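Please open the model in your viewer, with the sequence panel alongside, and follow the stops below in order.

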Amino acid sequence: MSGHSIARRRWMAFKANRRAYISFLLFAFFFVMSLFSEFIANDRPIVFELNGEIHSPIFETLTEKDLGGTMDLVVDYRDEYTDELLADAKFVIWPPVHHSFRSISDSAEQFPAPPSAENWLGTDDQGRDIFARLLYGFRLSTLFGLCLAFVSSVVGIGAGLIQGYYGGWIDLIAQRLMEIWAGMPVLYLIIILSSLITMNFWILLAILLLFSWMRLVGLVRAETLRVRNLDYVRAARALGCSDWRIMTTHILPNALVAVVAMLPFVVNGSIASLTSLDFLGFGLPPEYPSLGEIIAQGKNNLYAPWIGLSSFLTLALLLISLVFIGEGMRDAFDPRVFYAEKPVNIEDDELSVTEKGDLEEKASAAAATQQKASEDLR
């Protein structure tokens with residue numbers, strides 16, 4: 001059967017899990033929306049035309065002279081003087097929310113301010129718009145989780161392949177070193193490092209990568225140990241294929257099936273790690289729009305429940321959707337569930353006659369095997 005047909009059938013198996021499919025759609029919608037945060041929540045116009053020239057402050061930094069002013073200062077689009085300069089503009093298109101994640105709201109006398117027409121979810125204790133910070137924080141947390149999961153998976157898959165393929169002393173020494181490394185007090189090390197250096201996105205990503213790459217090593221190692229003695233791997237070795245070619249061409253595709261099913265859970269754990277560190281104050285600096293920092297503000301301002309509730313619901317929606325997506329991918333890539341559930345979808349009009357016949361054959365073989373096993377138990 002072609003790879004395209006198998007991929008389509010796995011996608012259909014994933015769609016059959018309605019909870020996972022709906023979670024995937026919700027996650028994709030909010031993630032794509034967060035990628036365009038500057039066009040949704042910003043204290044700068046999206047685009048305007050002045051004196052016959054079109055400007056987009058989101059992509060360029062303008063000075064007051066560029067708008068016809070006298071000072072060579074960066075434009076503050078929330079200032080009344082800027083409003084006067086833009087009064088002659090042919091058109092000005094603003095985002096739906098006129099606040100960025102760092103801009104201070106001037107609509108209330110004291111902060112935190114409750115939800116209003118200008119601040120949809122209220123403000124925090126510094127006057128920053130909660131909706132804008134949640135939107136930018138969703139993007140930051142998701143991108144951090146995806147980057148950490150991707151890099152740690154690449155390192156973990158490589159380590160698992162080497163250990164499982166060569167075995168022997170290489171596997172034994174690597175396992176003992178991993179046990180020692182896994183026993184390191186990660187939180188204490190991050191506390192010490194945060195007191196010595198100023199954290200940013202990439203530094204924190206590198207620190208967490210030092211301890212998160214071991215998540216998939218055991219899984220890939222076990223799959224490699226199972227596959228390395230199969231006939232087709234022995235045949236490739238007998239034909240003179242190099243170890244690198246055997247590992248990447250013949251063994252890795254089998255291990256990736258289990259790895260892909262685990263990736264949403266790895267992303268989930270990466271996001272939870274970042275949020276926990278930010279909540280404790282040992283992650284990114286406070287100026288970053290992090291979900292953990294907003295949750296910490298909710299804890300410190302219990303009399304302003306809109307802060308804690310909005311941040312908690314956003315984080316819960318993000319993590320729960322990733323869990324459901326992971327469950328759906330695990331079922332879609334699981335051969336037992338994949339073939340066991342196919343008789344239900346044999347009448348699907350999207351399947352060709354050949355695919356329906358193949359599914360019926362697989363279902364019949366699985367039923368015969370199950371019946372024989374039951375007879376042996378009796």
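Helices and strands on this tour are DSSP runs, with at least four residues for a helix and at least two for a strand, numbered from the N terminus. Keep in mind throughout that this is a predicted model.

**First stop: the sheet.** Select strand E1 (47-50) and strand E2 (53-55), then add strand E3 (91-93). Together the three strands form an open sheet in the order E2-E1-E3, with antiparallel pairing. E2 and E3 are the edge strands, each of which pairs on one side only, and the twist from one strand to the next averages 20 degrees. Where E1 meets E3, the antiparallel pairing runs over three bridges, and here you can find glutamate 49 opposite phenylalanine 91 of E3.

**Second stop: a loop residue.** Move now to asparagine 51, which sits in the loop between E1 and E2. Its phi is positive, at about 55 degrees, although the residue is not a glycine. Is asparagine 51 buried or exposed? With a relative accessible area of 65%, asparagine 51 is exposed, because the cut-off for that class is over 50%.

**Third stop: helix H9.** Select residues 217-227, which make up helix H9, and colour its buried residues, Val217, Val220, Thr224 and Val227. Looking down the axis of H9, you will see these buried residues fall within an arc of 110 degrees, so they line one face of the helix. To see what covers them, display the surroundings, which include helix H5 (130-166), helix H6 (168-182), helix H10 (231-238) and helix H11 (243-280).

**Fourth stop: the nonpolar cores.** The largest nonpolar core has 40 residues, of which Phe14, Leu161, Ile251, Ile271 and Leu318 touch the most other members. Helices that each supply at least two residues of this core include helix H1 (3-16), helix H2 (18-35), H9, helix H12 (291-300) and helix H13 (305-333). Centre the view on leucine 318: leaving aside neighbours within four places in sequence, leucine 318 is in contact with Phe27, Phe138, Thr142, Ile271 and Leu291. Apart from this core lies another, of 13 residues, with Leu140, Met199, Phe201 and Leu274 among them.

**Last stop: cysteines.** How many disulfides does the structure hold? The structure holds zero disulfides. Select cysteine 147, which counts as partly exposed at 27% relative accessibility, and then cysteine 241, which also counts as partly exposed, at 23%.

Note on methods. Residues numbered from 1 in each chain as written. Predicted model: local features only at pLDDT ≥ 70, side-chain atom pairs only at ≥ 80, totals over all residues. Heavy atoms only, no water. Buried < 20%, exposed > 50% of the residue type's maximum accessible area, 1.4 Å probe, protein only. Arc of directions from axis to C-beta. Contact = heavy atoms within 4.5 Å. Disulfide = S-S within 2.5 Å. Core = buried A, V, L, I, M, F, W, Y, C linked by side-chain atoms within 4.5 Å. Pairing = 2+ DSSP bridges. Axes fitted to C-alpha atoms, helices over the stretch in contact; angles between N-to-C directions.
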